[in-house]
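Please look over the structure below. The report that follows takes the chain as a whole, then the core, then a few selected sites.

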4 protein chains.
Amino acid sequence: MAGNSFGEVFRITTFGESHGPAIGVVIDGCPAGLAFDFDFIQQQLDRRRPGQSALSTDRKESDALEVLSGVFEGKTTGTPLAMLLRNSDQRSADYDALKEVYRPSHADFTYQARYGHRDHRGGGRSSARETAARVAAGAVAQLLLRSAGVEIKAYVSAVGPIQVQQAYAELDLTRTEDNLVRCPDAASAAEMEALITQLKGEGDSVGGVITAVVTGLPAGLGDPVFDKLEADLAKAMLNINAVKGFEIGSGFAAAAGRGSEFNDAFELRDGRVRTQSNHSGGIQGGISNGEDIYFRVAFKPVATIGKAQQTVNTAGAATELQAKGRHDPCVVPRAVPIVEAMTALVLADHWLRSRMAKL
Amino acid sequence: MAGNSFGEVFRITTFGESHGPAIGVVIDGCPAGLAFDFDFIQQQLDRRRPGQSALSTDRKESDALEVLSGVFEGKTTGTPLAMLLRNSDQRSADYDALKEVYRPSHADFTYQARYGHRDHRGGGRSSARETAARVAAGAVAQLLLRSAGVEIKAYVSAVGPIQVQQAYAELDLTRTEDNLVRCPDAASAAEMEALITQLKGEGDSVGGVITAVVTGLPAGLGDPVFDKLEADLAKAMLNINAVKGFEIGSGFAAAAGRGSEFNDAFELRDGRVRTQSNHSGGIQGGISNGEDIYFRVAFKPVATIGKAQQTVNTAGAATELQAKGRHDPCVVPRAVPIVEAMTALVLADHWLRSRMAKL
Amino acid sequence: MAGNSFGEVFRITTFGESHGPAIGVVIDGCPAGLAFDFDFIQQQLDRRRPGQSALSTDRKESDALEVLSGVFEGKTTGTPLAMLLRNSDQRSADYDALKEVYRPSHADFTYQARYGHRDHRGGGRSSARETAARVAAGAVAQLLLRSAGVEIKAYVSAVGPIQVQQAYAELDLTRTEDNLVRCPDAASAAEMEALITQLKGEGDSVGGVITAVVTGLPAGLGDPVFDKLEADLAKAMLNINAVKGFEIGSGFAAAAGRGSEFNDAFELRDGRVRTQSNHSGGIQGGISNGEDIYFRVAFKPVATIGKAQQTVNTAGAATELQAKGRHDPCVVPRAVPIVEAMTALVLADHWLRSRMAKL
Amino acid sequence: MAGNSFGEVFRITTFGESHGPAIGVVIDGCPAGLAFDFDFIQQQLDRRRPGQSALSTDRKESDALEVLSGVFEGKTTGTPLAMLLRNSDQRSADYDALKEVYRPSHADFTYQARYGHRDHRGGGRSSARETAARVAAGAVAQLLLRSAGVEIKAYVSAVGPIQVQQAYAELDLTRTEDNLVRCPDAASAAEMEALITQLKGEGDSVGGVITAVVTGLPAGLGDPVFDKLEADLAKAMLNINAVKGFEIGSGFAAAAGRGSEFNDAFELRDGRVRTQSNHSGGIQGGISNGEDIYFRVAFKPVATIGKAQQTVNTAGAATELQAKGRHDPCVVPRAVPIVEAMTALVLADHWLRSRMAKL
């Protein structure tokens, strides 16, 4: 109801502000008996962590995970799994200058409109810091999915105007972590890295696209009407800060084409019903069909830039703003594990939900 | 949980199959005291109805609305508002040939995977017929929003390769109903109509794009984390059959650009805080900012085409399919009221939810 | 949110007013593949129906069930199962005299406080008529439970001061339908019947108690914290009109006793862990233990009586009321199938929910 | 879904095991702008804390509250309010002997049936320790209600066979904290205290009854069908460990009486519509009527006793158990703040929900 929970059966609730004592997450609905791989979760957090490379903000957070409940003798207990991350590097003073100013394209003004106040120290709940809690929870969801043979891999497929030309199937997705931008195509990665470095110098920022691919998902997940699997994925992605667009399978390109081009013919292959093409992106009528799921997520440029910008203050007076906070010039490299986490949360939830469809 | 409800406070549950006795919807959470404009609701249903023009399927449904509960003396009572639409034109025999065949890019195969059976008579719940129930419910949501000064207008902005070049603000959206394709630009509309007619003759289908615009929405709707307003809109849109993509505000274009180009500077205008540009699409940090909301929705071509297609049957044997059912060559003209309805459902829900944000 | 739905997985939403066109229910979450026994459902409705005997109101409702969706070829489809009951005997005129009067111990005044208006024709949603929808849905839940070997039997164990002295295990619960009061003890039944008849003549009403017994439920249903099985049963019962109390197992008697008397020792019996006594009522720590569940439900006397009563009207002026509507002098005989239905809804929901507790 | 959350709008999720690192709670849906009285919350925790008097267990928990989020500059922010309590006194070794034994009338066996394992260290989530998290959350709900003039007072009205004879209105509820049993009638309190002390010596335990009274609640809270206010209260109470019964207003006594005795006549008093009597207990048709709400809650005797008991172990072999853990001989004195907390959670939720009933 208040928008801090996600999922129906595998349900998470995150809490915590950017500059409060801690952030955390409670997972309710993780089944009992799952082997709890603490290191995997910490590793996902490290992939998201600020300050991990020259391309990202130099806010330092150790993001050392503390598990408070729900795990006993190395396995999940079926009870709420609470995880905590202390906030270690809180330079609230950086934000004092912003106390009375609405930063352009941030949530400052809208937060005020909603709650009648705002936490000016780093955006409160609107801070990207909150996504660390999702990454921790998403890693648990990934453990659950992996136990069922499902793998999720996301990568940066565009930074500004630089786009990977190959389709996902032509790429070696095990190379994604080989470079700082998390792009499995080395040539594109080099160009992207150069652009981000250049913009950092200019005090500007740039947008990008992340592509996600899910393999090994069985047919039969998702609901035909209001919780179509692609709808829940779209919601999950648009719930990530700075995301402005989502397309699955043939996406916007399909809008320009014909049925005779975009239909996926069925055939029997590998002993089961398969599609010859996969314009559908692995989902038909809201339900997974056993093919790969793939989708693209558009991120706008980071709103915080070093250049001077016009704005108004809380008294309504015009003012100029030049940001001093620590922010990434391009958010997509660090958003890769967030996209993976949100994808995992959707799929783990539907995987459990599908247990109830038949007698 | 089973995916037939939508919304948290203004919550709808739809029921009914394409070829069962009836479809319908229960709205739970509509406040008491709303003037119930039956004619407006029927009118929205008529805009969605099949057989309304030469461009659409010739399935005939009178779609005469029956209100079963929740209205007394012309006003909503605050109790569940149930509405029923009888299915009148059920040519189930049309579908007998399909009983053992999986139609390409339909939900036949996935439905079977999910439920262990399927209703072969027109797709069961996966039929577009179900959307009539949403349109009825969405019309009630629109009545609620209109009482608060909010207007929703959608229109066809692309059919296949033919795209309206003007931005929404340059169009006269009161002209949308002037033509059969529901495109406010007459020149584009003529081209679109010609293309659809041509493809109908060829037994093919074509995709398209619908743009939706919301005016008059106050600032402060939406939640900053998991129920961001754009996320709920994305989910709503991807829950419409055949939708493959969603973008809000600057959308995918923003992914290719820079922060200095895409930030929306604040100013004081009309006595309130406004943005100079609206790349954000009326939502910042998941919460409405009082500017127009606008977004684009991509529809793939209708899967049912007259051309022969390869597929397999339920026994796994290869077969060829040539559809005989009645279907639209292009779904977007009739999808305009569906997009409006789903938009209204999201906004009515968040409008009520925002009542609880402050003490 | 608005209180017209019940259950999480096996979730029902009822709609309809006492004097509107119809009442009905949508079940969302009934698994696919359940044999749909229409006659059983109609039979449960007939047990609840007014006018079925000399002891009940003479409002006549045929309560002929119409199934609108969710059943195909004799089985549930896994999609929403909607059922409709038309209101046939609407003597709204009976209620015209009540338009401006608050009936004592009815919902008239509170309804007005909540919604700012009220439907004076028979109480709107507060009418016992709404429970017919629950009985229909509960019958489907019973079909589901029966497929798993679970049986629910309720009976009248007290009418006013007349109480059945035997514990449930000493009674033959197949005799419940042998008399009009639905009490399996013939001697008590005769006394109860005489008392009800006498009070009907006096224009008075009387309360009573219903005892419910569940057999065959496996261990492991229910949650240890906020959805304890007994808590959901208590909520289900208190949601029945006129219910003022609930006790499970040893109930209020246990409050007066000692641990050494009321603990249930474990033993191995019939090849499984059993309790020697069953003071717990089949639930320990919120979770079923495989023993019989039994509980008692207290109903206050029907508020509508033929005697003159003091009250105020909507203008706040004192007035006297002498009811003319048709009402039962004692509600418990007809409430037996309602108690069974609500019990079944809770158990079917938790039966499905238990599928998700373990990996 | 997994039963660790409570409430719809004012929604809490608790986490943590008795013998894990910590327990805690996240409140999602507390409106922004509420003055946050830390001391009041800590004070409620202290009333529930074990080891507070000679009558209770000597488990020592400091229960020092840590607020992790949702409060800024002394007020709630409208975002999730997370509170943490570290577990300080974990004598897990006390429980080693119980590892393979099912304690009679505990959740050991049912937990195992549900999750396929159990946390033998103090009952995991089934431990009364979990209720500390509820008390913290309930105290916040009380702050919210107090801002609206609503007060909740519970007290011990029976311990074993010793019952307070006066009705709540004849007692001075400000005297509840004057003695260790939390009974406002000093004479009864002395008897109760003597009985508990005696049973402690005998290694036995005893049940009891708590009565709760709510004053100042406006008319119009609660829903007429499935979330009747009394139903949500009943659920809240039965969700407290050891509770076996609930009755509101005239309760089980009404089942034995007549309508002419138990109806509450309306009159105009103090300028508003009031009832002359209050058999209804402040709720009619599921909705509050502005009168005092009062109800009684039956607690069975504590299951852990010092006497030897028969049971079986996890291998199914008969064994004898003599408990060594630290437990209260009578739970009701410490359960008073838990009853108050759960009551507050229900009312705060409905208080917010009532904001949406009317246009």
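## Charge and surface

How many positive and how many negative side chains does chain A have, and how far apart do the centres of the two sets lie? Chain A has 38 positive side chains and 43 negative ones. The centres of the two sets lie 4 Å apart. The model is a predicted one.

Chain A exposes about 10400 Å². Carbon and sulfur atoms supply 48% of that area.

## Overall fold of chain A

Eight helices and 18 strands make up the secondary structure elements of chain A. The C-alpha trace spans about 65 × 50 × 35 Å along its principal axes. The radius of gyration is 21 Å, which agrees with the value near 21 Å for a compact globule of 359 residues.

Burial is 69%, counted over the 359 residues of chain A. Long-range contacts are also plentiful in the count: among contacts between residues at least 6 apart in sequence, 69% join residues at least 24 apart.

## The nonpolar core

In soluble globular proteins, nonpolar side chains tend to be buried together. Here, the largest nonpolar core has 363 residues. The residues with the most contacts inside this core are F10(A), F10(B), F10(C) and F10(D).

Take the chain B copy. Leaving out residues up to four places away in sequence, F10(B) touches I27(B), D28(B), G29(B) and C30(B), among others. Its partners also include A137(B), V140(B), A141(B) and L144(B). Further along the chain, F10(B) meets L345(B), A348(B), D349(B) and L352(B).

## Two sites in chain D

T343(D) lies in helix α9 of chain D, residues 332–353. Its relative accessibility is 0%, so T343(D) counts as buried. Beyond residues up to four places away in sequence, T343(D) touches I152(D), V214(D), L233(D), M237(D) and F295(D).

T211(D) sits in strand β10, residues 208–215. T211(D) counts as buried because its relative accessibility is 6%, under the 20% cut-off. With the same sequence neighbours left out, its contacts are K153(D), A154(D), Y155(D), S157(D), F295(D) and R296(D). F295(D) thus appears in the contact lists of both T343(D) and T211(D). The C-alpha atoms of T211(D) and R353(D) are separated by 26 Å, with their positions 142 residues apart along the chain.

## A loop glycine in chain A

Where does G290(A) lie? G290(A) is in the loop between β15 (287–288) and β16 (293–299) of chain A. Is this loop residue buried or exposed? At 13% relative accessibility, G290(A) counts as buried.

Residues up to four places away in sequence aside, G290(A) touches L217(A), P218(A), A219(A), R272(A) and G282(A). G290(A) and T343(A) are 53 residues apart along the chain, and their C-alpha atoms are separated by 16 Å.

## Helix α2 of chain C

Helix α2 of chain C covers residues 108–115 and is mostly covered. Six of its eight residues are buried. These are D108(C), F109(C), T110(C), Y111(C), R114(C) and Y115(C).

What covers the buried residues of α2(C)? The cover includes elements of chain D: β12 (266–269), β13 (272–275), β14 (283–284), β15 (287–288) and α9. Just after α2(C), G116(C) takes a positive phi of about 80 degrees.

How values were computed
Residues numbered from 1 in each chain as written. Chains lettered and ligands numbered in written order. Predicted model: local features only at pLDDT ≥ 70, side-chain atom pairs only at ≥ 80, totals over all residues. Heavy atoms only, no water. Helix = DSSP H or I, 4+ residues; strand = E, 2+ residues; numbered from the N terminus. Rg over C-alpha atoms; globule rule 2.2 N^0.38 Å. Buried < 20%, exposed > 50% of the residue type's maximum accessible area, 1.4 Å probe, protein only. Contact = heavy atoms within 4.5 Å. Areas by Shrake-Rupley, 256 points an atom, 1.4 Å probe, with all protein chains shown as cover. Lys, Arg positive; Asp, Glu negative; His and termini not counted. Charge placed at Lys NZ, Arg CZ, Asp CG, Glu CD. Core = buried A, V, L, I, M, F, W, Y, C linked by side-chain atoms within 4.5 Å.
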